[in-house]
Amino acid sequence: MAASQQKNSKSKDDQDSVSMPDAYTDDRRNFVAKMASVVIGATVGLVPFIAGVISFLNPLSSKNRTPEFYAGKSGDAVEGYVRVTTLDALSDGGAPQRFPVIDDKFDAWNFTPDQAIGAVYVRRQGETVTVFNATCPHAGCSVQCDGTKFVCPCHNSAFNLDGTKTDSSSGRPNPSPRSMDELETRIEDGQVWVDFKSFYTGRHEKVAKA
Ligand code: FES
């Protein structure tokens, strides 16, 4: 009997000697797991927060999206002008040719390069180049050119190739309050540059939008 009690006692001691390190190990595992989840959670939350703060404080900081970067790409830019074509691409004495106007758009928070901001008609007569905004001065539709005159499909405004108002072939009065809007132009090294502006429609006077 005594031997049996001694044996049971020894067995309990053996159990204690095994269970205490196991409990310690489990606590340590739990602690490490909790710390890992805290670190991962903080990282997942903080990274986008910090990126958002940086973007908010300096939205144009990315050097591949700055006006300076794209100005460098465009070569010898003429200040305030947009390049629309080359002199060689124009038909001398032919009908005015239509070109899109591509420029960068940006404000304090956004910079979007190479956006279509309008269209122009370019007419070449020898070394003289005349450029018109393709927007109808009546109500803003896009004017078309049939080779002999400009016509607007919306309300039948019509213009001569030099941009002046003319009678509409429809027989109805020409509703445009003014002639087509001519734009300032420069020729540099065979490139045609335009001081592109949009103007208020429906007015007799030509007033550029800000
Ligand atoms: S918008 Fe061109 S005629 Fe009215």
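**View 1. Arg124 and Val129 face each other across the β3–β4 hairpin.** Start with this pair: Arg124 stands opposite Val129 in β4. This is a predicted model, so take what you see here as a prediction. The strands β3 and β4 run antiparallel, and six bridges join them. Together they make a hairpin with two residues between the strands. Look in the turn for Gly126, whose phi is positive, at about 70 degrees. If sheets are new to you, keep in mind that strands pair through backbone hydrogen bonds, either parallel or antiparallel.

**View 2. On to β2, which forms another hairpin with β3.** Strand β2 covers residues 97-106, and β3 covers residues 111-125. Nine bridges hold these two together in an antiparallel pairing. One place to find the match is Pro100, whose bridge partner in β3 is Ala119. Four residues sit between the two strands of this hairpin.

**View 3. Asp114, a residue of β3 with an unusual sign of phi.** Most residues other than glycine have a negative phi. Asp114 isn't a glycine, yet its phi is positive, at about 55 degrees. You'll find Asp114 in strand β3. Is Asp114 buried or exposed? Asp114 counts as exposed because just 11 other C-beta atoms lie within 10 Å, and the cut-off for exposed is 12 or fewer.

**View 4. β4 also pairs with β8.** β4, which spans 128-133, pairs with β8 in the antiparallel sense over two bridges. Here Val131 stands opposite Leu183 in β8. Strand β8 takes in residues 182-183, and its mean pLDDT of 98 is the highest among the elements of the chain.

**View 5. Inside the largest nonpolar core.** This core has 20 residues. Which residues have the most contacts inside the core? They are Val84, Val120, Val122, Phe132 and Val194. Four strands, β1 (82-86), β3, β4 and β10 (191-194), each supply at least two residues of this core. Zoom in on Phe132 and you'll see that it touches Val120, Tyr121, Gly163, Met180, Asp181, Glu182 and Leu183, leaving aside residues up to four places away in sequence.

**View 6. An open sheet made of β5, β6 and β7.** The three strands come in the order β5-β6-β7, and their pairing is antiparallel. Which strands are at the edges? They are β5 (144-145) and β7 (158-159), each pairing on one side only. β6, residues 150-151, joins β7 over two bridges in the antiparallel sense. To spot the match, look for Val151, which stands opposite Ala158 in β7.

**View 7. Asn156, on the way from β6 to β7.** Asn156 belongs to the loop between these two strands. Its phi is near 70 degrees, a positive value in a residue other than glycine. With 18 other C-beta atoms within 10 Å, Asn156 is partly exposed. Why not buried? Asn156 misses that class because its 18 other C-beta atoms within 10 Å fall short of the 20 or more needed to count as buried.

**View 8. Thr164, in the loop between β7 and β8.** That loop is where Thr164 has its place. Thr164 is exposed, with 11 other C-beta atoms within 10 Å. Even so, Thr164 touches Phe159 and Ser179, not counting residues up to four places away in sequence. How far apart in space are Thr164 and Asp181? Going from C-alpha to C-alpha, Thr164 and Asp181 are 9.4 Å apart, while they are 17 residues apart in sequence.

**View 9. Stepping back to the whole chain.** The chain has two helices and ten strands, and along the sequence they follow the pattern α-α-β-β-β-β-β-β-β-β-β-β. Of its 210 residues, 15% count as buried. Among contacts between residues at least 6 apart in sequence, 47% join residues at least 24 apart. How confident is the predictor, and what is the mean pLDDT? The mean pLDDT of the chain is 82, with 75% of the residues reaching 70 or more. Helix α2 (residues 67-73) has the lowest mean pLDDT among the elements, at 54.

Technical notes
Residues are numbered from 1 along each chain as its sequence is written. This is a predicted model: local features need pLDDT of at least 70, side-chain atom pairs count only at pLDDT 80 or more; totals for chains, interfaces and linings use all residues. Two strands pair if DSSP finds at least two bridges between them. pLDDT is the predictor's confidence in each residue, from 0 to 100. A nonpolar core is a set of buried Ala, Val, Leu, Ile, Met, Phe, Trp, Tyr and Cys residues joined through C-beta atoms within 7 Å. Two residues are in contact if their C-beta atoms, placed from the backbone, lie within 7 Å.
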